Structures are given as structure tokens and as C-alpha cells.
Amino acid sequence: MVEPEVYVLIDERGERYLVSSAEPMARVAGLGVLSIEKVRAALGRRLTVGGRSVLVLPASRRDRMETLERRAQVIGPKDASAILFQADVLPGATVVEAGAGSAWLTVALALAVGPQGRVISFEEREDFASLARANVTRAGVADRVEIRVADVSAGIPDRDVDAVLLDLPDPWTVAKAAWEALRVGGHLATFLPNVEQVRQTVEALQTLRFVDVRTVEIIERELEVRDTGTKPSFAPLGHTGYITTARKALDKFL
Ligand SMILES: C[S@@+](CC[C@H](N)C(=O)[O-])C[C@H]1O[C@@H](n2cnc3c(N)ncnc32)[C@H](O)[C@@H]1O
């Protein structure tokens, strides 16, 4: 299967619109209908669409995630990039994820594993599963993503997977199933907003043969470069969530 080309159109206010070759005549909210040939021919340049001027670039991971529709809380680029590194998500990997939600993390995982990899994503709600499928298609990575409508705490039938990523409120209910699904040395990552949830998760991991258990919070502050001076942005350093990672072993030190 040929991967679709995915472009981002950026207007002068910085608004971004995603266009994929999966749809030859793309309908872009706020801009109208345009052909992918026209977009491809304007790569790197400005294009006038619906009376507006937009710059055409290949879509980055950030573009693909941040232009997607979102309903529940999502994992954005700040935390997704740390999860991909800490859980060692590499090209060709097979990863299991729950829940899919709006599929922002799913898209980051799918781009990291590449066309030879596989992302299996559990989502218990049909409405979120439909949104997740639409979003992975828009982002051009549907070829390697399987969205399963199921409660992941009922079990993970897959084996020898490279990583299990859990963005749900009670990951401790899935810890044993995750250990069984992982290959030896495979990585588990959870994303949780509250320290009480982190504590319950870490305690569950400690009862199992998980090692290298570590929790971090990623804080990102932008620097603004202006004629009047260069200083950190006044935007609040909002809390998103804590990332806990661990690895499957067959033995551990008590
Ligand atoms: C916070 S959202 C995930 C957001 C997603 N990581 C993203 O970046 O868009 C949590 C999702 O987990 C789903 N969920 C919660 N418990 C679940 C379970 N036991 N099995 C499968 N899905 C579950 C919810 O329906 C919800 O859609």
C-alpha cells in the first residue's frame, strides 16, 4: 500500500489545515475544496485558496496531531515525544495502546513504528473508536493501525509486543495483562494526571516482574524572541500528566 502524502497549509495567522492525497479533492474546513495536484505543485510556496493565502509544507508529526479533532483529554506533542523515547518505540515495532480516545498518541506511535510496524489500539467506546479511525485516516497512517472496540482490562491476546502504552484512569487493572503481552525487555508506559493514580500504578508494577520503574513530568516553557527583548513566554506552565515507564523482566531484585 502506498502511503498517502500529507501536507499542511498554514495561513498568516498560523492556522493549520491538513490535506492528504488519500482524498484527491480535499475538503478543508474554512478553505473549501482543492485538488491534491495543486497542493503538491505549490510545495514550499504560498498558494491562494478560497481567497486566502496559505503556505504549503509537508505535514510534520506535530501538524498531523494538532490539526485532528479532539474530544477527550489528548496526549499532545510535549508528552508524546517523551513517551516515544522512554518506551523506545522504534521503526518496525509492534505496540499495544489503550484507550485510543481521539488517537493523538496513536498517530505519534504510528509515525514512529513506520509502515513496517503495527499499532493495536483498544477503545471501549464505539464513538471514540469511530473518531480514532477517522483521525488515523486523516493523518495518513491507517495502513498500520488497528482500532479494537474492547475493554482492555478483559485481557490483551497479543504476545511479544515491543511496548504497551496506557492512557486510561486505572492502568493497574491492566498491568498483569501488559506483562503477559510484552516481549522480554519490552516497555510499559502509563500517562496519569494525579499522583494517587501514579502511586497505585507503581505499587501494581512492583508486585509483578517489571524493572526500571520511573515516573517523570515533562515541563515545557517556550522562549519568545522579540525586538523588545527575549524572554520566557508568560503562558502558564500547565500540568498535563505524569509518565510512568517500566520494562518486563523474568527476574528482579527484591
Ligand atoms: C484520555 S482518553 C485517551 C486519549 C488518547 N491517548 C489521545 O491522545 O487522544 C482515554 C480513553 O480511554 C478509554 N478507556 C478507558 N478505559 C478503558 C478500557 N478499560 N479499555 C479500553 N478503553 C478504555 C476511554 O473511553 C477514552 O476514550
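This report describes the ligand site, a strand hairpin and two backbone features of a predicted model.

## Ligand site

The ligand sits in the largest pocket. Its surroundings comprise 19 residues, and the closest are Ile75, Glu123, Asp151, Val152 and Asp167. Sorted by class, this shell holds ten nonpolar, four polar and five charged residues.

Backbone atoms approach the ligand at several positions. A backbone N or O atom of Ser102 is placed 3.2 Å from an oxygen atom of the ligand. For Ala103, a backbone N or O atom likewise lies 3.2 Å from a ligand oxygen atom. At Glu124 the ligand atom concerned is a nitrogen, and a backbone N or O atom of this residue lies 3.2 Å from that nitrogen. On its own the ligand has 610 Å² of accessible area, of which the protein covers 89%.

## The S13–S14 hairpin

Strand S13 spans residues 223-226 and strand S14 spans residues 229-232; the two pair in the antiparallel sense. Four bridges make up this pairing, and Glu224 has Lys231 in S14 as its bridge partner. The connection from S13 to S14 is a hairpin of two residues.

In a regular strand, side chains alternate between the two faces of the sheet.

## Backbone features on either side of S7

Most residues other than glycine have a negative phi, and most peptide bonds are trans. Two places in this model depart from these patterns, one in each respect.

Asp88 is not a glycine, yet its phi is positive, at about 55 degrees. This residue belongs to the loop between helix H3, residues 77-86, and strand S7.

The peptide bond between Ala98 and Gly99 is cis, with omega at about -15 degrees. Gly99 is in the loop that runs between strand S7, residues 94-98, and helix H4, residues 104-113. Ser102, whose backbone has an atom 3.2 Å from a ligand oxygen atom, can be examined together with this loop in the structure above.

Methods
Residues numbered from 1 in each chain as written. Predicted model: local features only at pLDDT ≥ 70, side-chain atom pairs only at ≥ 80, totals over all residues. Heavy atoms only, no water. Near = heavy atom within 4 Å. Polar contact = N/O pair within 3.5 Å; in protein donor to acceptor, adjacent residues only side chain to side chain. Areas by Shrake-Rupley, 256 points an atom, 1.4 Å probe, with all protein chains shown as cover. 1 Å grid on protein atoms, 1.4 Å probe; cavity = no way out; pocket = protein on both sides within 12 Å on 5 of 7 lines; lining within 4 Å. Sits in = over half its atoms within 2 Å of the grid points. Nonpolar A, V, L, I, M, F, W, Y, C, P; charged D, E, K, R; others polar. Pairing = 2+ DSSP bridges.
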